[in-house]
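Colleague: I would like to go through this model with you, one question at a time. Please give the cut-offs as you go.

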Amino acid sequence: MELLTDDVQIYLEQHCEEESELLRYISRETHLKVPMARMLSGHYQGRVLSFLSKIQHPDRILEIGTYTGYATLCLAEGLREDGLLHTIDVNEELEERVREYFNSSQLSNKIVYHIGQAVDVIPTLTDSFDLVFIDADKKNNGTYYDMVFDKVTKGGLIIVDNVLWHGKIAMGAKDKDTQNISTFNDKVTNDHRVEKLILPVRDGLLIIRKL
Ligand SMILES: C[S@@+](CC[C@H](N)C(=O)[O-])C[C@H]1O[C@@H](n2cnc3c(N)ncnc32)[C@H](O)[C@@H]1O
């Protein structure tokens, strides 16, 4: 189930900043050539991520789940002049394509692309992060949240994608994926170290601010 009708989605896209030529190209190529293209953040969510990143103006960003790098480039738009974004993905088959996309961007020198399991890469990162985007294997949302928490700066944001899971969470669906995401959402709701807010953007973006 989509949270918004196609008409509303089109309206939202027509009333925000345009996609850059590179982002449009990545989106088109992903839809034509890469399996599971629905995983890509896309125009409207990409602008939301870019907007949040520009407000936060981070020095360091961590993205867990690069896929074809669409959200990576959106988030990197908000980085400080000397800022850096680390992004992790386990899928080495996409590496060549994604490196080509990053190299086509003016932001390429600010992006560090790691191939590997997120649980192995995260402990090797010594930076503190002002913004973390969790968008990988959803069953591990809680693991990633716990692993990054101490690395997030005070006032830093953790953003988690797909937390409404096509509306299935609110409908109380009992399948394993829905239950996993629901358990994670409840864990964050009950975490008093943070402020939290679910934005009904695309499949649900959970915005968490560390106090
Ligand atoms: C939803 S896609 C990311 C979409 C991207 N952030 C965007 O918005 O365009 C999820 C990605 O997480 C990656 N992934 C899944 N399990 C992972 C793991 N254990 N470690 C690192 N990456 C993983 C997948 O290979 C996939 O490319």
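Modeller: A word on classes before we start: Ala, Val, Leu, Ile, Met, Phe, Trp, Tyr, Cys and Pro count as nonpolar, Asp, Glu, Lys and Arg as charged, and the others, Gly among them, as polar. The model is predicted; local features need pLDDT of at least 70 and side-chain atom pairs pLDDT 80 or more, while totals for chains, interfaces and linings use all residues. Residues are numbered from 1 along each chain as its sequence is written.

Colleague: By class, how many residues of the shell around the ligand are nonpolar, polar and charged?

Modeller: The ligand is surrounded by 16 residues (C-beta atom, placed from the backbone, within 6 Å of it). Ser41, Gly65, Tyr67, Ala71 and Asp137 are the closest. Both α4 and β2 (84-89) supply at least two residues each; helices (H or I, at least four residues) and strands (E, at least two) are DSSP runs numbered from the N terminus. By class the shell has nine nonpolar, four polar and three charged residues.

Colleague: Which helix gives the largest share of the largest nonpolar core?

Modeller: A nonpolar core is a set of buried Ala, Val, Leu, Ile, Met, Phe, Trp, Tyr and Cys residues joined through C-beta atoms within 7 Å. Buried means 20 or more other C-beta atoms within 10 Å of a residue's own, exposed 12 or fewer, and partly exposed in between, with C-beta atoms placed from the backbone. The largest core has 47 residues, and Ile64, Leu75 and Val132 are among those with the most contacts inside it. The largest share, six residues, comes from helix α4 (residues 70-76).

Colleague: Which residues does Ile64 touch, leaving out those up to four places away in sequence?

Modeller: Contact here means C-beta atoms, placed from the backbone, within 7 Å. Ile64 is listed among the core residues with the most contacts. With sequence neighbours up to four places away left out, Ile64 touches Ile88, Ala118, Phe133, Ile134, Asp135, Ala136 and Tyr144.

Colleague: Is α3 largely enclosed or open?

Modeller: Helix α3 (residues 43-56) has buried residues that include His43, Tyr44 and Arg47. These buried residues pack against α1 (6-14), α2 (21-33), α4, β4 (129-134), β5 (152-161) and β7 (205-210). Since 11 of the 14 residues of α3 are buried, the rest of the structure leaves the helix largely enclosed.

Colleague: What is phi of the residue that follows α3?

Modeller: Most residues other than glycine have a negative phi. His57 follows α3 and lies in the loop between α3 and β1 (60-64). His57 is exposed, with 12 other C-beta atoms within 10 Å. Although His57 is not a glycine, its phi is positive, about 50°.

Colleague: And what is phi of His166?

Modeller: His166 is placed in the loop between β5 and α8 (176-189). With 15 other C-beta atoms within 10 Å, His166 is partly exposed. Its phi is positive, near 55°.

Colleague: What separates the C-alpha atoms of Gly116 and Val90?

Modeller: Gly116 sits in the loop between β3 (111-115) and α6 (118-121). Gly116 touches Ile88, Val90 and Val121, not counting residues up to four places away in sequence. Gly116 and Val90 are 26 residues apart along the chain, and their C-alpha atoms are separated by 4.4 Å.

Conventions. Contact = placed C-beta atoms within 7 Å.
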